[in-house]
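Here is a colleague's note, written for someone opening this entry without having seen it before. The points can be followed one by one with the model on screen.

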There are 2 protein chains.
Amino acid sequence: MAKAVPGRFSETLYPSYRQEFDFSGDAIIDEKSEYQSILLFDNEALGRVLVLDGNVQITDRDEAAYSEMLVHPAVYEHGDVKSVLIIGGGDGAVAEEVLKHETIETCDLCEIDPRVIGLAREHLGSVNKGVFDHPKFTLHLKDASDLIADPQRQSAYDLVISDRPDPVGPGQALFTEQFYQNCKNVLAPGGLAIFQTGVPFFQAEELVEALTHLQKVFPQSGVLLTVVPTYVGGFMALTWGGNGLALGTPDGIAGADRNFSARPVDTDYYTPALHGAAFALPRWIERLVEAAAPPPTTAP
Amino acid sequence: MAKAVPGRFSETLYPSYRQEFDFSGDAIIDEKSEYQSILLFDNEALGRVLVLDGNVQITDRDEAAYSEMLVHPAVYEHGDVKSVLIIGGGDGAVAEEVLKHETIETCDLCEIDPRVIGLAREHLGSVNKGVFDHPKFTLHLKDASDLIADPQRQSAYDLVISDRPDPVGPGQALFTEQFYQNCKNVLAPGGLAIFQTGVPFFQAEELVEALTHLQKVFPQSGVLLTVVPTYVGGFMALTWGGNGLALGTPDGIAGADRNFSARPVDTDYYTPALHGAAFALPRWIERLVEAAAPPPTTAP
């Protein structure tokens with residue numbers, strides 16, 4: 001139900017620290033779906049804001065920093081992505097970035113909550129540009145954990161993008177070692193998987209844990225950074241696993257630069273130079289990565 | 001006067017969007033000095049927090065991202081900084097970074113408000129490590145605009161660091177073309193000046209205006225980025241002007257890497273790789289820089 005007077009949303013992800021947004025006018029959506037609470041409102045500084053279970057998911061003003069960095073570094077370094085799976089991402093923003101690449105042939109999106117798809121179609125056209133009706137787009141309305149466990153999907157994707165929520169409630173299944181293993185299983189040889197891994201300034205353990213799982217499951221793995229203002233806490237970590245391909249090598253970054261020049265897409269955040277820069281970590285994040293590194297093999 | 005019950009601080013830099021901090025216990029300082037309102041409190045997530053005129057200045061947890069990036073890129077690229085002037089910065093955090101470099105011979109700091117120095121000595125030792133008593137440190141308790149206009153200081157400094165507040169109230173004098181001109185006047189040949197220039201996500205005009213002034217006044221100028229969580233809005237812009245030296249060139253970055261290896265300092269944020277990465281701009285910030293670029297010279 002929409003509020004009768006201009007309102008206010010206070011995000012309480014962290015004890016003792018909050019961000020707070022005023023509504024411009026009434027809330028557009030304020031309800032509970034089968035899976036989660038949903039709040040959608042406009043804010044003067046940030047445009048349209050989607051909040052699920054009390055956590056900001058996306059705003060008009062800064063979604064590019066998130067959506068573009070989940071897509072373009074992997075697509076441009078891989079160089080031949082044909083098939084993509086997005087886990088979550090029912091707002092459609094990541095799918096819209098994927099299908100900017102005309103060389104990509106199929107984009108599957110697996111979202112559990114049909115209500116999110118419905119409101120995204122109706123109210124989030126500014127971020128998804130109607131991608132749900134794109135001929136290369138397929139929606140799977142189900143639990144992504146089931147989809148990636150399906151033996152028929154083994155080796156089906158060149159790129160898996162995990163636009164997952166924070167590891168609380170039902171989202172926890174998307175942070176287990178089994179989840180990473182299943183993501184690897186659906187990757188074609190040379191494929192890449194990339195994972196939203198929180199804001200290490202406030203969620204350091206989430207990064208260490210993800211890297212520890214990734215190192216067990218994938219031949220190659222690592223982290224790159226983006227900066228999304230409304231994911232408060234500065235840098236957001238995006239972790240990645242490679243099924244025979246490493247992301248962020250000097251050769252890979254140089255190749256991405258060439259691929260971008262040959263097949264550019266319009267961006268608000270991504271550039272080839274920023275792509276290379278995203279693998280440079282502040283010293284305090286390097287220390288977290290070192291904390292996750294497997295112990296060195298000892299001589300026999 | 002300290003509050004009688006645990007309190008809360010809400011920063012209202014921007015209409016319609018706020019960040020909010022709970023106090024752990026009572027405020028440590030809550031008063032008005034001759035120049036500004038001063039609030040100092042502890043927060044569970046961020047440690048000690050200093051607020052001047054309602055704007056967060058520094059927190060224990062994230063000050064390194066700010067202080068280190070105002071100092072180390074310029075010092076390591078220049079390679080032979082002997083004399084430094086800090087404008088503002090009465091908390092002492094930037095001075096502490098400067099004097100980590102044993103090759104630096106003098107560090108002058110010009111702060112207008114003696115009360116800030118007093119509380120920094122008493123309550124902010126965690127960020128300034130008692131730098132006020134360092135033998136190479138000199139405090140100037142006066143208006144920085146006067147100090148840099150003093151003809152006796154012409155060409156006196158290898159590095160000028162403007163740790164200025166936001167361009168409101170008395171701080172506005174630190175954003176005029178005359179201010180940039182005076183900063184250039186106190187630079188030795190080959191010297192560098194670096195300026196806190198706000199968070200472009202919320203303060204785009206501040207960046208465009210600073211770059212426009214810098215291009216008029218300095219032979220070389222540009223921007224690099226840092227990410228300070230409690231300066232909400234993602235990237236913070238640090239602009240720079242060179243008196244015969246450009247910052248952020250490939251040669252300069254490679255030289256900084258060598259200088260860091262030869263004379264490393266302990267950091268929580270800075271690394272040579274991150275130094276290079278700080279000059280890569282998101283596309284939307286590139287557009288702001290382009291907006292400030294002087295019109296191309298037309299052929300006669």
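1. In this predicted model, strand 2 of chain A, which spans residues 17-22, is joined to strand 2 of chain B by 5 bridges, and the two strands run antiparallel. One pairing to look for across the two chains is that of Glu20(A), whose bridge partner in strand 2 of chain B is Arg18(B).

2. Within chain B, strand 2 also has a partner in its own chain, since 5 bridges join it to strand 1 (residues 8-14), again in an antiparallel arrangement. Here Arg8(B) has Asp22(B) of strand 2 as its bridge partner. The hairpin made by strand 1 and strand 2 of chain B leaves 2 residues between the strands, and in this hairpin Ser16(B) takes a positive phi near 80°.

3. How many residues of strand 2 of chain B are buried? The count is 6 of the 6 residues, so this strand is largely enclosed by the rest of the structure. In a regular strand, side chains point alternately to one face of the sheet and to the other. In strand 2 of chain B both faces are covered, with Tyr17(B), Gln19(B) and Phe21(B) buried on one side and Arg18(B), Glu20(B) and Asp22(B) buried on the other.

4. The two chains should be considered as a pair. Two copies of a chain are related by a rotation about an axis together with a shift along that axis. In this model, a turn of 180° and a shift of 0.0 Å along the axis lay chain B on chain A with an RMSD of 0.0 Å. That is the relation of a two-fold axis. Of the interface residues of chain B, 100% are also interface residues in chain A, so the copies meet through the same surface.

5. A second hairpin in chain B is formed by strand 5 and strand 6, which run antiparallel and are joined by 4 bridges. Val49(B) has Thr59(B) in strand 6 as its bridge partner, and Asp53(B) takes a positive phi near 45° in this hairpin, which has 2 residues between the strands. Strand 6, covering residues 55-59 of chain B, is mostly covered, as 4 of its 5 residues are buried.

6. Val51(B) belongs to strand 5 (residues 47-52) of chain B and is buried, with a relative accessible area of 2%. Not counting residues up to four places away in sequence, Val51(B) touches Phe9(B), Ser37(B), Ile38(B), Leu39(B), Phe41(B), Val56(B) and Gln57(B). The C-alpha atom of Val51(B) is separated by 31 Å from that of Glu286(B), a residue 235 places away along the chain.

7. Aromatic rings deserve a separate look, and over all chains the structure holds 38 aromatic pairs. Phe201(A) and Phe202(A) form an edge-to-face pair, at 5.1 Å centre to centre and with 75° between the planes; Phe201(A) is buried, with a relative accessible area of 5%. Tyr66(B) and Tyr231(B) are also paired edge-to-face, at 5.3 Å centre to centre and with 90° between the planes. Tyr66(B) lies in helix 1 (residues 63-78) of chain B and Tyr231(B) in the loop between strand 12 (220-227) and strand 13 (235-242), so this pair ties together parts that are 165 residues apart in sequence. Both rings belong to buried residues, Tyr66(B) having a relative accessible area of 5% and Tyr231(B) one of 13%.

8. Ring pairs also link residues of both chains into a cluster, whose members include Phe9(A), Phe21(A), Tyr14(B), Phe201(B) and Trp284(B). The charged end of Arg61(A) sits over the ring of Phe201(B), 3.9 Å from its centre. In chain B, the charged end of Arg164(B) sits over the ring of Phe175(B), 3.8 Å from its centre.

9. Which residues touch the most other members of the largest nonpolar core? Among its 212 residues, they are Val98(A), Ile161(A), Val98(B) and Ile161(B). Leaving aside neighbours within four places in sequence, Ile161(A) is in contact with residues including Leu70(A), Val84(A), Ile86(A), Val98(A) and Ile194(A).

Key
Residues numbered from 1 in each chain as written. Chains lettered and ligands numbered in written order. Predicted model: local features only at pLDDT ≥ 70, side-chain atom pairs only at ≥ 80, totals over all residues. Heavy atoms only, no water. Core = buried A, V, L, I, M, F, W, Y, C linked by side-chain atoms within 4.5 Å. Buried < 20%, exposed > 50% of the residue type's maximum accessible area, 1.4 Å probe, protein only. Contact = heavy atoms within 4.5 Å. Least-squares fit on C-alpha atoms with pLDDT ≥ 70 in both. Phe/Tyr/Trp six-rings, centres within 6.5 Å; stacked < 30°, edge-to-face > 60°. Lys NZ or Arg CZ within 6 Å of the ring centre and 35° of its normal. Pairing = 2+ DSSP bridges.
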